[in-house]
Amino acid sequence: MLSPLTYRLQPWQQEALTAWRSAVSPQLGPRHGVAEVFTGAGKTILAMGCMADAQVDEPDLQFAVVVPTCAIARQWQKAIAAGFDLPTKEIGLRMSGKRGSLASHKIVIYVINSARKCLESETRGRKVMLIVDECHRAGSKDNLGIFKASTRFRLGLSATAGRDDMLDEVGNPI
């Protein structure tokens, strides 16, 4: 179980968390949605609030955070460590030269190029919340593979979420 979040959510973040908590995907179930928020407003803290909230209902929940670059992966690792008062070594990284996995970590941050190769198999048989930072970048044919992952909950984050190609193989919004 994660420690209580060290950050206090702003009113807009609490409203967004409440909206995400009540969002239901007809195909995937509860707690599925995208938060479109301008750059620098606090999407990472919102995501951590959603992580803490989801874990109340699913104490053994694990977390897969997918990001576009190695630099952003390191930023997330530091933010999560500070937000949940964790040593950074407890947060796995899956990117060039790093092989963290859900088999050995409660939280793993994946660069999308790595996630599309391994996330589906790593989530199989686990209770996982998927967080996709800059989710507007996940709409390419190759990157859509991350959505084959077996997940309980999903949260997309973007400053520019509007994409016409953010549909799965049967035409449903991702």
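**View 1. Aspartate 85, just past helix H3.** Right after H3 (residues 70-84) comes aspartate 85, with a positive phi near 55 degrees. Helices here are DSSP runs of H or I with at least four residues, strands are E runs of at least two, and both are numbered from the N terminus. This is a predicted model, where local features need pLDDT of at least 70, side-chain atom pairs need 80 or more, and totals for chains, interfaces and linings use all residues. Residues are numbered from 1 along each chain as its sequence is written, and side-chain values use heavy atoms, leaving out hydrogens and water.

**View 2. H3 and its cover.** The 15 residues of H3 should span 21 Å (1.5 Å times one less than the residue count), and the end C-alpha atoms agree, sitting 21 Å apart. Among its buried residues (under 20% relative accessible area, 1.4 Å probe, protein chains only) are Ile72, Trp76, Ile80 and Phe84. Their cover includes H2, E5 and strand E7 (107-111).

**View 3. H2 against H3.** Helix H2 (residues 43-57) packs on H3 at about 55 degrees, axes 11 Å apart; axes are lines fitted to C-alpha atoms over the stretch in contact, and angles run from 0 to 180 degrees between N-to-C directions. The pair is therefore oblique, meaning outside the ranges under 35, 65 to 115 and over 145 degrees. Thr44, Ala47, Met48, Met51 and Ala52 of H2 meet Trp76, Ala79, Ile80, Gly83 and Phe84 of H3, with contact meaning heavy atoms within 4.5 Å.

**View 4. Arginine 94 in strand E5.** Arginine 94 belongs to E5 (residues 91-95) and, at 14% relative accessibility, counts as buried. Beyond four places in sequence, its contacts include Tyr110, Cys118 and Glu122.

Definitions and conventions: Buried < 20%, exposed > 50% of the residue type's maximum accessible area, 1.4 Å probe, protein only.
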